[in-house]
Amino acid sequence: MAKEIKTIGVLTSGGDAPGMNAAIRAVVRTAIARGLKVKGIKKGYQGLLNEEIIDMEAKDVSDIIQRGGTILGTARCLEFKEAEGQKKGAEICRKHGIDGIVVIGGDGSYRGAQALSRLGINTIGLPGTIDLDIACTEYTIGFDTAVNTAMQAIDKVKDTSSSHERCSIIEVMGRNAGWIALNVAIASGAIACITPEMPYDMNAIAEKIKKAHEAQKEHFIVVVAEGVNNSEGITKGIQELTGIETRLTVLGHVQRGGMPTLRDRVAASQMGYRAVELIDSGATNRVVGMKDNKIIDVDIQEALAMKKPFDTELYRVCNEITF
Ligand code: ADP
Ligand code: F6P
């Protein structure tokens, strides 16, 4: 028989992402509407081990849907990777009467959730990361805001790039994945996009830029994913091979902040709602995701074993429509 759930906890873990607050709000409000009690766990698994646990009422999540960051705070916690830390975490949950936890974060955070589930605390994961690098879902909370922020920043760089007829190399985030780079490159009309998933040829990129220059193009934007780990080398190489003055802009953490877009607020609300439905029905060790624009849920073990194939079709579009 499924365990009866009376009190749930909610925490955010790993890197923050715009829309995490909208997810927290959906979890708190859905739980309260179903007669469950909610406890907010501050600063991820670290806050759980430090017993930074607060009661949450409906009003505690008022006016946060539009705010970036996470009102609960987030952290990376090495102690929770160890069996001892996980055991301590489960004991603290029991001490505070927490029957289940909604964990908003990425793959690393799901491993922690899986450990808690094995120790008898029901857990549900929600995909919160700007990187879009979680295999079991087509969407992750924060991605849309991050790519829009990056796109708007590149539009600005493009103005000065055009005035000076320079080449601009823009490094975007994404950890080991090129999803942000690919989408932002298309949306910015970049002449090239370099991601860790695809091989790249500096000579071919330089030739493309030189040809465009001869055809009177004024700006040359090359988007590089941070995971390529060679933005400075690429900047130097492009300048040497083209003879065009080249500058590097590293967008950095600006991509992680700011007001979440409509898409992130809606996805976070849908996913938060489903997480509570699942936990209230006694489900555990599952992660919520999106497939064909519908909310789905997947076993955490299966989710962690999945591989996300890169979108080579979109990559082709990116490379073939700008010259
Ligand atoms: P993300 O959740 O965004 O992938 P991390 O990989 O940094 O971010 O993981 C966030 C936190 O999840 C870690 O700081 C740690 O507390 C917990 N975690 C990560 N890996 C494990 C693991 N193998 N077992 C238990 N907990 C883990
Ligand atoms: O996972 C989100 C992310 O912003 C990645 O894109 C980036 O590689 C990493 O986190 C940066 O982490 P930190 O905030 O610890 O510098």
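Colleague: Which helix gives the most to the shell around ligand 1?

Modeller: Helix α4, residues 107-118, gives the most, with five residues of that shell. Bear in mind that this is a predicted model.

Colleague: What residues come nearest to ligand 1?

Modeller: There are 14 residues around ligand 1, and R76, C77, G106, G108 and S109 come nearest. To be in that group, a residue needs a heavy atom within 4 Å of the ligand.

Colleague: How do the residues of the shell around ligand 1 divide between nonpolar, polar and charged?

Modeller: That shell has three nonpolar, seven polar and four charged residues. If the polar count surprises you, note that glycine is put in the polar class.

Colleague: What makes the G106 pair with ligand 1 a polar contact?

Modeller: Put the distance against the cut-off. A polar backbone atom of G106 is 2.9 Å from an oxygen atom of the ligand. The limit for a pair of N or O atoms is 3.5 Å, so the G106 pair counts. G108 passes as well, with a backbone N or O atom 3.0 Å from a ligand 1 oxygen. For D107 the backbone distance to an oxygen of ligand 1 is 3.4 Å, which is still within 3.5 Å, so that pair counts too.

Colleague: And how much of ligand 1 does the protein bury?

Modeller: The protein buries 81% of the 550 Å² that ligand 1 exposes when taken alone. As for its place, the space ligand 1 takes is the largest pocket.

Colleague: Let's move to ligand 2. Which residues surround it?

Modeller: The ring around ligand 2 includes R76, T129, I130, D131, M173 and G174. R175, E226, H253 and R256 are on that list as well. By class, the shell has two nonpolar, three polar and five charged residues.

Colleague: How do you know that D131 makes a polar contact with ligand 2?

Modeller: A polar side-chain atom of D131 lies 2.6 Å from an oxygen atom of the ligand. That is within the 3.5 Å limit, so the pair is a polar contact. The side chain of H253 does it too, with a polar atom 2.9 Å from a ligand 2 oxygen. For R175, a polar side-chain atom is 3.1 Å from an oxygen of ligand 2. Taken alone, ligand 2 exposes 400 Å², of which the protein buries 75%. The space ligand 2 takes is the largest pocket.

Colleague: Why is R175 called partly exposed?

Modeller: Its relative accessibility is 47%, and the partly exposed class runs between 20% and 50%, so R175 belongs there. R175 sits in the loop between β6 (167-172) and α6 (179-188).

Colleague: What is the phi of R175?

Modeller: It's positive, about 55 degrees, although R175 is not a glycine. Most residues other than glycine have a negative phi. N285 is another non-glycine residue with a positive phi, near 60 degrees. N285 is in the loop between α9 (262-280) and β10 (286-291).

Colleague: Is N285 buried or exposed?

Modeller: Buried: its relative accessible area is 14%, and anything under 20% gets that label.

Colleague: Why is T140 called buried?

Modeller: T140 has a relative accessible area of 0%, which is under the 20% cut-off, so it is buried. T140 is in the loop between β5 (122-127) and α5.

Colleague: What does the side chain of T140 reach?

Modeller: It reaches the backbone oxygen of T129 at 2.7 Å. A polar atom of the T140 side chain is also 3.4 Å from the backbone nitrogen of L132.

Colleague: What makes F143 and S161 buried residues?

Modeller: F143 has a relative accessible area of 7% and S161 has 2%, and both values are under 20%, so both residues count as buried. F143 is in helix α5, residues 143-164, and S161 is found in helix α5 too. Their C-alpha atoms are 26 Å apart, with the two positions 18 residues apart along the chain. The S161 side chain reaches the backbone oxygen of R166 at 2.9 Å.

Colleague: Last one: why is K39 called buried?

Modeller: K39 has 16% relative accessibility, which is under 20%, so the label fits. K39 lies in strand β2, residues 37-41. K39 and H96 are 57 residues apart in sequence and 8.9 Å apart from C-alpha to C-alpha.

How values were computed:
Residues are numbered from 1 along each chain as its sequence is written. Chains are lettered from A and ligands numbered from 1 in the order in which they are written. This is a predicted model: local features need pLDDT of at least 70, side-chain atom pairs count only at pLDDT 80 or more; totals for chains, interfaces and linings use all residues. Side-chain values use heavy atoms; hydrogens and water are left out. A polar contact is a pair of N or O atoms within 3.5 Å; within protein, one must be able to donate a hydrogen and the other to accept it, and residues adjacent in sequence count only if both atoms are side-chain atoms. Accessible areas come from the Shrake-Rupley method with a 1.4 Å probe; for residues, only the protein chains shown count as cover. On a 1 Å grid over the protein atoms alone, a cavity is a set of points where a 1.4 Å probe fits but cannot get out, and a pocket is an open set with protein on both sides within 12 Å along at least five of seven lines; lining residues have an atom within 4 Å of a point. A molecule sits in a cavity or pocket if more than half of its atoms lie within 2 Å of its grid points. Helices (H or I, at least four residues) and strands (E, at least two) are DSSP runs, numbered from the N terminus. Buried means under 20% relative accessible area, exposed over 50%, partly exposed in between (1.4 Å probe, protein chains only).
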